[in-house]
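Subject: Structure for your review

Hello,

Here is the structure we spoke about. Please look it over; my notes follow below it.

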Protein chains: 2
Amino acid sequence: MQTPKACFFDVFGTMVDWRTSVAREAAAILKPLGHSLDWLAFADAWRGEYQPAMEEIRSGRLAFCKLDVLHRHNLERILPRFDVSGLSEDTRRNLNLAWHRLDAWPDAAPGLMRLKKKCLLAPVSNGNISLMVDLARRNGFSWDAILGSEIAGDFKPKPRVYLAACEAFDLAPGDCMMIAAHSNDLSHAAKNGLRTGHIARPNEHGPGKGEAGPSVPVDVAGRDLEDLAAKLGL
Amino acid sequence: MQTPKACFFDVFGTMVDWRTSVAREAAAILKPLGHSLDWLAFADAWRGEYQPAMEEIRSGRLAFCKLDVLHRHNLERILPRFDVSGLSEDTRRNLNLAWHRLDAWPDAAPGLMRLKKKCLLAPVSNGNISLMVDLARRNGFSWDAILGSEIAGDFKPKPRVYLAACEAFDLAPGDCMMIAAHSNDLSHAAKNGLRTGHIARPNEHGPGKGEAGPSVPVDVAGRDLEDLAAKLGL
């Protein structure tokens, strides 16, 4: 298989384990304040508001804003469901930044280093630039640029997000590969002419709750990012 | 002096030596085709069209486009002045990419490595993302993100370019430092609330033709980027 000139990456779930990281961060902030709740359920509930919130913007009903703003809006929606109230503004802001402190899956940074030898690398995530930068610093992700929703002014899977990334690198979509653990993301990337690489994250949403393999045709599928790099000859 | 949370960098002249690099690239491409000209004068003439071309966009007379497009337009303007004609489209395209193959001043990459320990780093240049990425790969610049004209949709010294960079990092302008070898750039950054750092590039436009020091008040001035990093305590 010919090596793509650029590899674009989904981040939440594909590169980082948002679920256990958000649960850990929430516990670290809320436990000392006397709150006791099912931290993994809290992470799942917060993530559950993710797609509906973006859909308001994808549909054109609301103007584009950074994902940090949507995360905060979603946090305010779920706190009452867990009977959490009375948090200070500082605590809410800090809790919202849990998404900037997610830990990578162990193969993510080593896989990027292998791909970097031959490919330009960028996240094409719905996360904002500052969020991507914080995750990169924390986890040693070596990006050439931060692309994705904030430079496109819209959220995946809208075509503009994939195409703006290709245009930023002056590349035809066929020279670029979208890499994700989500078949839906890859299906939309392929519709826009990008090549596609799937990574298995079988436990993204909890034990056995994640994609162990693609449910759509892809150009390459790996057990993890190092395996995918090897399959691309790197 | 308190270390800024982010350092933003002018690139052409400040981080890379565009003049001798463009002269070298032009000679490498045009000499084998039988052309003989004053290569440094050619580089100066090309760069001479830079500000007037951007002014068409800053003024609103033309829509924003990547600097690569302006460089190509400017190339077409200057070729006849040097009696160069009959170049193929491939040659013109390759010549235009001379700006993607500029060499760094020797202190640039080591200076960035020192600053990276404490500061987020991004180019805030009028160059497009792909151009910045190519210069970073060539010269070992370790950026956290590529900011600047392409994410702002305008060219420096318009306020939007400085402010879009601060906003991308979720930082107040006063937490950010613009670093440049050009007093005009720093003067506009300061007007928008950013801190400013000047680097001496006394030979940017040829021997003795460059800023040996700032002509406006700045927060810090260095002989080069390593000296400036030291003055910031890094």
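**Axis and interface**

Of the residues of chain A, A145(A) comes closest to the rotation axis, its C-alpha lying at 2.6 Å. Please keep in mind that this is a predicted model. The axis relates the two chains as follows: a turn of 180 degrees, with a shift of 0.0 Å along the axis, lays chain A on chain B with an RMSD of 0.0 Å. That is the relation of a two-fold axis. The same surface serves both copies, as 100% of the contact residues of chain A recur in chain B.

On the interface itself, twelve residues of chain A are in contact with twelve residues of chain B. Helix 7 of chain A (residues 129-139) gives the largest share of the side of chain A that touches chain B, namely four residues. Sorted by class, that side of chain A has nine nonpolar residues, two charged and one polar.

**The sheet in chain A**

Chain A has an open sheet of six strands with parallel pairing, in the order 3-2-1-4-5-6. Its edge strands are strand 3 (147-148) and strand 6 (220-222) of chain A, each of which pairs on one side only.

In that order, strand 1 of chain A stands between strand 2 and strand 4. Towards strand 2 of chain A (residues 120-125), strand 1 runs parallel and is joined by four bridges; here C7(A) stands opposite L121(A). Towards strand 4 of chain A (residues 176-180), strand 1 again pairs in the parallel sense over four bridges, and F9(A) stands opposite I179(A).

Which residues point each way from strand 1 of chain A (residues 6-9)? A6(A) and F8(A) point one way, C7(A) and F9(A) point the other way, and all are buried. C7(A), with L121(A) of strand 2 opposite, and F9(A), with I179(A) of strand 4 opposite, thus point to one side of strand 1.

The next pairing is that of strand 4 of chain A with strand 5 (residues 195-199), in the parallel sense and over four bridges. I179(A), which stands opposite F9(A) of strand 1, also stands opposite G197(A) in strand 5 of chain A.

Regards

Conventions: Residues are numbered from 1 along each chain as its sequence is written. Chains are lettered from A and ligands numbered from 1 in the order in which they are written. This is a predicted model: local features need pLDDT of at least 70, side-chain atom pairs count only at pLDDT 80 or more; totals for chains, interfaces and linings use all residues. Copies are superposed by least squares on the C-alpha atoms of residues with pLDDT of at least 70 in both. Two residues are in contact if their C-beta atoms, placed from the backbone, lie within 7 Å. A residue is buried if 20 or more other C-beta atoms lie within 10 Å of its own, exposed if 12 or fewer, and partly exposed in between; C-beta atoms are placed from the backbone. Helices (H or I, at least four residues) and strands (E, at least two) are DSSP runs, numbered from the N terminus. Two strands pair if DSSP finds at least two bridges between them. Ala, Val, Leu, Ile, Met, Phe, Trp, Tyr, Cys and Pro count as nonpolar, Asp, Glu, Lys and Arg as charged, and the others, Gly among them, as polar.
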